[in-house]
Amino acid sequence: MPPALILSSDSHVFEPPDLWTTRIDRAFRARGPRLVRIDGADQLVVEEDQVLSGIGLISNAGARFDAPETISGLGRFEDVHRGGYDPQQHLADMRLDGVAGEVLYPSQGLFYFKVADPALMSAIFRAYNDWLADFCRTDPARLKGIAMVNLDDVPEGVQELERAARRGFAGAMITEYPLEHRRYDQPEYEQFWAAAAALGMPLSLHTATRRQGKIRGAGERTLRDATSRATKAFYPATSMCDMIFSGVFERHPALHLAIVEFELAWAPHVLSTMDYTYRERHEEAFHRFTGDARPSDFFHRNVVLSFQEDAIGIRLRDAIGVDNLMWGSDYPHSESTFPQSRTILGEILAGVREDEQAKIAGGNTARLYGFDVARLAAAP
């Protein structure tokens, strides 16, 4: 049995088809995202003809239990779980799944980090943030939104972060991997790290948000999609190392980073190799920390990992740090644990001490994102 109170650190909304056509700045309406039915399936299209992806994998919760052979990138909006875009139904689905609170990320919006025009991307993100703020206002104690922020223009990114904080967001997501010449070890981001720390806004690196490269499932069919999925932790691990080795968390001890939907088991090896590199390769790790601090110390203090079903990672929890682990359901995506989250979480945490279960299943998420555990536990 999992703890009585569980919180999802990684759930999603599913943006309604008219979100960007009605909310985006008027100057961008002809270029904004939209759903277009092509050969019987809905595709995400931006600009005049840039087809980014189908919607099947981001809208098909439950299929893995009922008919896994039907899971496909193809899908239609009328088959999407209503809870993806209707907050009252979303709350009803949470009750069905036994989840007391959720941290909410986009679905379609994940792919828009690939948009080439920074001004268009920022307009897309602003429109989404406005809509999500309204969605979460339905029950702010249970629904905690994560804003989307574009850092192609860092001062503009700071402004959007500050606006998101004023609108009640619990954190902000940035690309999991920027353009190669603008990785997160660059000093240009210093203003943004400082603002996030001062505002108490945790930052997220979520899967499928690379600034460049091909979106899995879009375009020509290739086995490289499978390779990309199997090795996807490479990109957030690289971004995390860039931030740690360049001293971001040493300069901003109140800054927190969530690495979301990349599971857990990759982390112990990276922690070990970070410390080895810092200890024995001074020519490469030339930024030196104050005192005897090691890279892994900053991971344990400043970084959390959100997972779904990584039983191996749970066995490695002492190496990763129990305080660094947060469970998430990934509702309503095809790999989601919905509507069997409590059963699956109970199986994953079998044999784990009760106090550690409580942290992993909800306590760490509550601490990072400000859920009132006592209030949620007392609610009907």
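I began with Asp330, which counts as buried at 0% relative accessibility. The model I am reading is a predicted one. I then took the backbone at this position: phi of Asp330 is positive, about 65 degrees, although the residue is not a glycine. I placed Asp330 in the loop between E11 and H14.

**Loop between E11 and H14**

I stayed in this loop and went through its peptide bonds. Most residues other than glycine have a negative phi, and most peptide bonds are trans. I noted a cis peptide bond from Tyr331 to Pro332, with omega near -5 degrees. Pro332 lies in the loop between strand E11 (325-327) and helix H14 (341-348). I noted another cis peptide bond where Phe338 joins Pro339, with omega about 0 degrees. Pro339 also has its place in the loop between E11 and H14.

**Glu261 and strand E9**

I looked up Glu261 for its backbone as well. Its phi is near 70 degrees, a positive value in a residue other than glycine. Glu261 sits in the loop between E9 and helix H10 (267-280). Is Glu261 buried or exposed? I read a relative accessible area of 6% for Glu261 and entered it as buried, because the cut-off for buried is under 20%.

From Glu261 I went back to strand E9 (residues 257-260). Leu257 and Ile259 point one way from the strand, and Ala258 and Val260 point the other way. I entered all of these residues as buried.

Which strands pair with E9? I found that strand E8 (residues 203-206) runs parallel to E9 and is joined to it by four bridges. Strand E10 (residues 303-307) also runs parallel to E9, again with four bridges. I followed Ile259 across both pairings: its bridge partner in E8 is Leu205, and its bridge partner in E10 is Leu305.

**Strands E6 and E7**

I next looked at strand E7 (residues 171-174), where Gly171 and Met173 point one way and Ala172 and Ile174 the other. I entered these residues too as all buried. Strand E6 (residues 143-148) runs parallel to E7, and three bridges join them. I traced Met148 to its bridge partner in E7, Met173.

**Sheet E2-E3-E4**

I then turned to an open sheet of three strands, in the order E2-E3-E4, with antiparallel pairing. Its edge strands are E2 (34-38) and E4 (50-54), each of which pairs on one side only. I noted that neighbouring strands of this sheet are turned by 45 degrees against each other on average, direction ignored. Strand E3 (residues 41-46) pairs with E4 in the antiparallel sense over four bridges. I found Val45 opposite Val51 in E4.

**Helices H5 and H6**

Two packed helices are described by the angle between their axes and the distance between the axes. I read both values for helix H5 (residues 154-166) and helix H6 (residues 190-199): the axes come within 9 Å and cross at roughly 10 degrees. H5 and H6 are therefore roughly parallel to each other. I listed the contact residues of H5 as Val154, Pro155, Gly157, Val158, Leu161, Glu162 and Ala165. Those of H6 are Gln191, Phe192, Ala195, Ala196 and Leu199. By class, I entered nine nonpolar, two polar and one charged for the contact of H5 with H6.

**Helices H8 and H11**

I made the next entry for helix H8 (residues 234-245) and helix H11 (residues 295-302), which pack at an angle of about 110 degrees with their axes 10 Å apart. H8 and H11 are therefore roughly perpendicular to each other. I noted a right-handed crossing where H8 passes H11. Which residues of H8 meet H11? I found Met240, Ile244 and Phe245 of H8 against Pro295, Phe298 and Phe299 of H11. I classed the residues of this contact as six nonpolar, with no polar and no charged ones.

**Asp355**

I closed with Asp355, which has its place in helix H15 (residues 354-369). Its relative accessible area is 40%, and I entered Asp355 as partly exposed. I also checked its separation from Arg288, 67 residues apart along the chain: the C-alpha atoms are separated by 36 Å.

Terms used:
Residues numbered from 1 in each chain as written. Predicted model: local features only at pLDDT ≥ 70, side-chain atom pairs only at ≥ 80, totals over all residues. Heavy atoms only, no water. Axes fitted to C-alpha atoms, helices over the stretch in contact; angles between N-to-C directions. Helix = DSSP H or I, 4+ residues; strand = E, 2+ residues; numbered from the N terminus. Parallel < 35°, antiparallel > 145°, perpendicular 65-115°, else oblique. Left-handed = near helix turned anticlockwise from the far one by under 90°. Contact = heavy atoms within 4.5 Å. Nonpolar A, V, L, I, M, F, W, Y, C, P; charged D, E, K, R; others polar. Buried < 20%, exposed > 50% of the residue type's maximum accessible area, 1.4 Å probe, protein only. Pairing = 2+ DSSP bridges.
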